[in-house]
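The following note sets out, point by point, what may be read from the structure shown below. It proceeds from the overall make-up to the sheet, the helices and selected loop positions.

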Amino acid sequence: MRLFLKFSLCLPLAVLLASCTVSQPPATGARYGHDVYGHRPGPKGFRTVIIDAGHGGKDSGAVSPITRQKEKDLALDTAKRTARALGSDFKVMLMRRDDSFIDLDERVIRADRSGAAILISLHYNSGPAKCCGPETYFWRVDSHGLATRLQQAMARVCPSGDSSRGLVRRRVRLTRNPQIPCVLLECGYLSNPAESRLVSDANYRQKLATAIAAAIRTQSAAGDAGTGPLPRPINSPPSRPTDAKE
Ligand SMILES: [Zn+2]
């Protein structure tokens, strides 16, 4: 009896010690399913992705003053390339496959219903002509590691790449409101003449898509390992259209 008691007391301690040596918890549906705030480590071991090509239909997004290309078309092209680059290892869903308009709140609803583990929203940027380079927006704690990997991957492709400058924690509808890890990528500035010409080249967009897919694959394999400390949790309300520029 004494022996049994001793054993039974030690067992939980042994389990606790064993669990302390595991730096990344195993991926489970419960841990990486829907979560309103996302105050948790980033996903690992996932195989489902939804890719959102920004804008569409009546909403062209940014238009390059150099090439006249529209953000909505470039985003859709990059989304399809990224889906192909992820290959058969992943189940990839596209938020839109054609030039159709989908409201941002509707995109959030569709992402949550899709069964995907993560959401990646693809955009091209616009601003002062001198601004260039990719930027990555995230809000949730569980999206930080993925965002870090995506920013680093795009910066390695971009000639002017500086991976630290473009990682931004910003609460907008597609970074706050989905209940899954979600990241919004600005793949480059259409308002910058050199970058706009670069983005107009399908080979360059293919390099970006390949890099984005590789970052997603690495996140699935390694979780947040090596992406730095998690940001502080913030219990913010859902983002509304009036909150910020999206
Ligand atoms: Zn956009």
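1. The chain contains 8 helices and 6 strands. Read from the N terminus, these elements follow the order α-α-β-α-β-α-β-β-α-β-α-β-α-α. The model is a predicted one. Of its 246 residues, 43% count as buried. Among contacts with a separation of 6 or more, 80% are made by residues 24 or more positions apart.

2. The strands should be considered together. An open sheet is formed by 6 strands in the order E2-E1-E3-E6-E4-E5, with mixed pairing. E2 and strand E5 (167–169) stand at the edges; each has a single partner strand, so one side of each is left without a neighbour in the sheet. On average, and with direction ignored, neighbouring strands of this sheet are turned by 25 degrees against each other.

3. Strand E1 (residues 48–53) has two parallel partners in this arrangement: strand E2 (residues 91–94), paired with E1 over 4 bridges, and strand E3 (residues 118–125), joined to E1 by 5 bridges. Val 49 illustrates the position of E1, since this residue stands opposite Val 92 in E2 and opposite Ile 118 in E3. E1 is mostly covered, with 5 of its 6 residues buried. Together with helix H3 (residues 71–86) and E2, strand E1 makes a right-handed β-α-β unit.

4. Towards the other edge, strand E4 (residues 135–138) pairs with E5 in the parallel sense over 3 bridges. Within this pair, Tyr 137 has Val 168 of E5 as its bridge partner. Helix H5 (residues 144–157) packs on the sheet and touches E3, E4, E5 and strand E6 (182–189). The direction of H5 makes about 20 degrees with that of E6.

5. H5 merits a separate remark. How many of the 14 residues of H5 are buried? The count is 13, and the helix is accordingly described as mostly covered. Its length is also as expected: at 1.5 Å a residue, the 14 residues of H5 should span 20 Å, and the end C-alpha atoms are 20 Å apart, which agrees.

6. The largest nonpolar core has 54 residues. Those with the most contacts inside this core are Val 49, Ile 51, Ile 118, Leu 150, Met 154, Val 183 and Ile 212. For Ile 51, with neighbours within four places in sequence left aside, the contacts are Ala 79, Thr 82, Ala 83, Val 92, Leu 94, Met 95, Ile 120 and Leu 122. In soluble globular proteins, nonpolar side chains tend to be buried together.

7. Helix H8 (residues 202–222) has 21 residues and reaches 30 Å from its first C-alpha to its last, close to the 30 Å expected at 1.5 Å a residue. Its buried residues are Arg 205, Leu 208, Ala 209, Ala 211, Ile 212, Ala 213, Ala 215, Ile 216, Gln 219 and Ser 220. These buried residues of H8 pack against E1, H3, H5, E6 and helix H7 (193–199). Just after H8, Gly 223 takes a positive phi of about 60 degrees.

8. Two positions in the loop between E1 and H3 deserve attention for their backbone angles. Most residues other than glycine have a negative phi. His 55, located in that loop, has a phi near 65 degrees, a positive value in a residue other than glycine. Arg 68, also found in the loop between E1 and H3, has a positive phi of about 70 degrees although it is not a glycine. Are these residues buried or exposed? His 55 counts as buried because it has 24 C-beta neighbours inside 10 Å, whereas Arg 68, with 10 such neighbours inside 10 Å, counts as exposed.

9. Finally, Cys 131 is found in the loop between E3 and E4. With 14 other C-beta atoms within 10 Å, Cys 131 is partly exposed. Which residues does Cys 131 contact when its neighbours within four places in sequence are left aside? They are Tyr 189, Ser 191 and Asn 192. The C-alpha atoms of Cys 131 and Leu 190 are separated by 9.6 Å, although these residues are 59 residues apart along the chain.

Technical notes
Residues numbered from 1 in each chain as written. Buried ≥ 20, exposed ≤ 12 C-beta atoms within 10 Å, placed from the backbone. Pairing = 2+ DSSP bridges. Right-handed = clockwise from strand over helix to strand, strands pointing away. Axes fitted to C-alpha atoms, helices over the stretch in contact; angles between N-to-C directions. Contact = placed C-beta atoms within 7 Å. Core = buried A, V, L, I, M, F, W, Y, C linked by C-beta atoms within 7 Å. Expected span 1.5 Å × (residues − 1).
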